[in-house]
Amino acid sequence: MERKPITTSTIRQMKEEGKPITMITAYDYAMARNVDEAGIDMILVGDSVGNVMLGYSSTIPVTMDAMIHHTQAVVRGTKYALVVGDMPFMSYQASEAEGLLNAGRFLKEGGCTAIKLEGGSEVCPLVKKMVTAGIPVMGHIGLTPQSVNQFGGFKVQGKDVAAAQKLVDDAKALEAAGAFSIVLECVPAALAAKVSEMISIPTIGIGAGNGCGGQVLVCNDLLGFSNGFTPKFAKKYRNLHKEIVGAVSEYINDVRDRSFPAPEHTFKIDDEVLEKLY
Ligand code: KIV
């Protein structure tokens, strides 16, 4: 079947048709090309770039300029998937005007199609302005990593009646504000399924069970890029850490015992050229 570029309408339609939506993070051109070729629906240039690519212990230090730099690379590597740029900490919290301009930067400079921002009803006036300005918005509620210091750690959200009701209210408010989808992070599966039924736009779950409209994972978790901590909700489909360390160890050994480069990796020159040298 001929593949067409995914739009926000495709994403809404997939929910209507009950087709699960797939999303993964990517932060550079090479990974974007691979995940796009695999057939992913959406690529999130997540501010998780701070943890997984830049070595920070949270997403807090990630800047707008860094996000634009990574988004441009991902967009260059993507033909079909819908690319979503993630608004980093303090790019929209200080004022709506600044938030709107920064969201605009993702589309104008980053070249992506949509933005994601964390927060519920408190960000809805800003979401409305973005949508009115022509910027498709993905919401993000439940565990919102930019508020990790407020939450006191990475904890499952929405477990009591008040917190669960707040999640429902936030999802409805984001839908009413014009968001085209909502990430639900670290939410009990039955609550995520209920929220997903209560709104018409798709939910994209991460640690939120399989009752969501789609799923998102951090590409480094899915691929097993490191042997460090992997969250409970992340399925490790491969162990690239092992592959990479194994391959590089082989290379080191080959260089040390001079078996690399072999003749097939080497350029030739006529002997008579060498003979004329003095
Ligand atoms: O930055 C990110 O990777 C995210 C996902 C966890 C949804 O926001």
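The following exercises, each with a worked solution, concern a predicted model of one protein chain.

**Exercise 1. Overall layout**

Determine how the protein chain is divided into domains and what its overall dimensions are.

Solution. Step one is the domain assignment, which gives domain 1 as residues 8-239 and domain 2 as residues 243-275. Step two takes the centres of domain 1 and domain 2 over C-alpha atoms; they are 44 Å apart. Step three considers the whole C-alpha trace, which spans about 85 × 45 × 35 Å along its principal axes. Step four counts secondary structure: the protein chain contains twelve helices and eight strands. Finally, 45% of the 278 residues count as buried, and among contacts with a separation of 6 or more, 59% join residues 24 or more positions apart.

**Exercise 2. The sheet**

Establish the order of the strands in the sheet and the sense in which they pair.

Solution. The eight strands form a closed barrel in the order S1-S2-S3-S4-S5-S6-S7-S8, and the pairing is parallel. On average, neighbouring strands of this sheet are turned by 25° against each other, with direction ignored. Two pairs can be examined in detail. Strand S5 (residues 137-142) joins strand S6 (residues 181-185) through five bridges in the parallel sense, and His 140 stands opposite Val 183 in S6. S6 is in turn joined to S7 by four bridges, again running parallel, with Leu 184 opposite Gly 205 in S7.

The side chains of S7 (residues 203-206) complete the solution: Thr 203 and Gly 205 point one way, Ile 204 and Ile 206 point the other way, and all are buried.

**Exercise 3. Two packed helices**

Describe the packing of H4 and H5 by their axes, and then classify the residues of the contact.

Solution. Two packed helices are described by the angle between their axes and the distance between the axes. The axes of H4 (residues 64-76) and H5 come within 9 Å and cross at roughly 35°. The crossing is right-handed. H4 contributes Met 64, Asp 65, Met 67, Ile 68, Thr 71, Gln 72 and Val 75, while H5 contributes Asn 102, Arg 105, Phe 106, Glu 109 and Gly 110. Sorting these residues yields five nonpolar, four polar and three charged.

**Exercise 4. The surroundings of Leu 107**

Decide whether Leu 107 is buried, partly exposed or exposed, and list its contacts beyond four places in sequence.

Solution. Leu 107 belongs to helix H5. Its relative accessible area is 26%. Buried requires a value under 20% and exposed a value over 50%, so Leu 107 is partly exposed. Leaving aside neighbours within four places in sequence, Leu 107 is in contact with Cys 112, Thr 113, Ala 114, Ile 115, Gly 134, Ile 135 and Pro 136. Lys 166, by comparison, is 59 residues from Leu 107 in sequence and 31 Å from it in space, C-alpha to C-alpha.

**Exercise 5. Backbone geometry in the loops**

Locate the cis peptide bond and the residues other than glycine that have a positive phi, here Met 90 and Arg 258.

Solution. The peptide bond from Phe 260 to Pro 261 is cis, with omega near -5°. Pro 261 lies in the loop between helix H11 (240-256) and helix H12 (271-275). Arg 258 is found in the loop between H11 and H12 as well; its phi is near 60°, and with a relative accessible area of 74% it is exposed. Met 90 has a phi of about 70° and sits in the loop between S3 and H5. At 43% relative accessibility, Met 90 counts as partly exposed.

How values were computed: Residues numbered from 1 in each chain as written. Predicted model: local features only at pLDDT ≥ 70, side-chain atom pairs only at ≥ 80, totals over all residues. Heavy atoms only, no water. Domains from an automatic or database assignment. Pairing = 2+ DSSP bridges. Axes fitted to C-alpha atoms, helices over the stretch in contact; angles between N-to-C directions. Left-handed = near helix turned anticlockwise from the far one by under 90°. Contact = heavy atoms within 4.5 Å. Nonpolar A, V, L, I, M, F, W, Y, C, P; charged D, E, K, R; others polar. Buried < 20%, exposed > 50% of the residue type's maximum accessible area, 1.4 Å probe, protein only.
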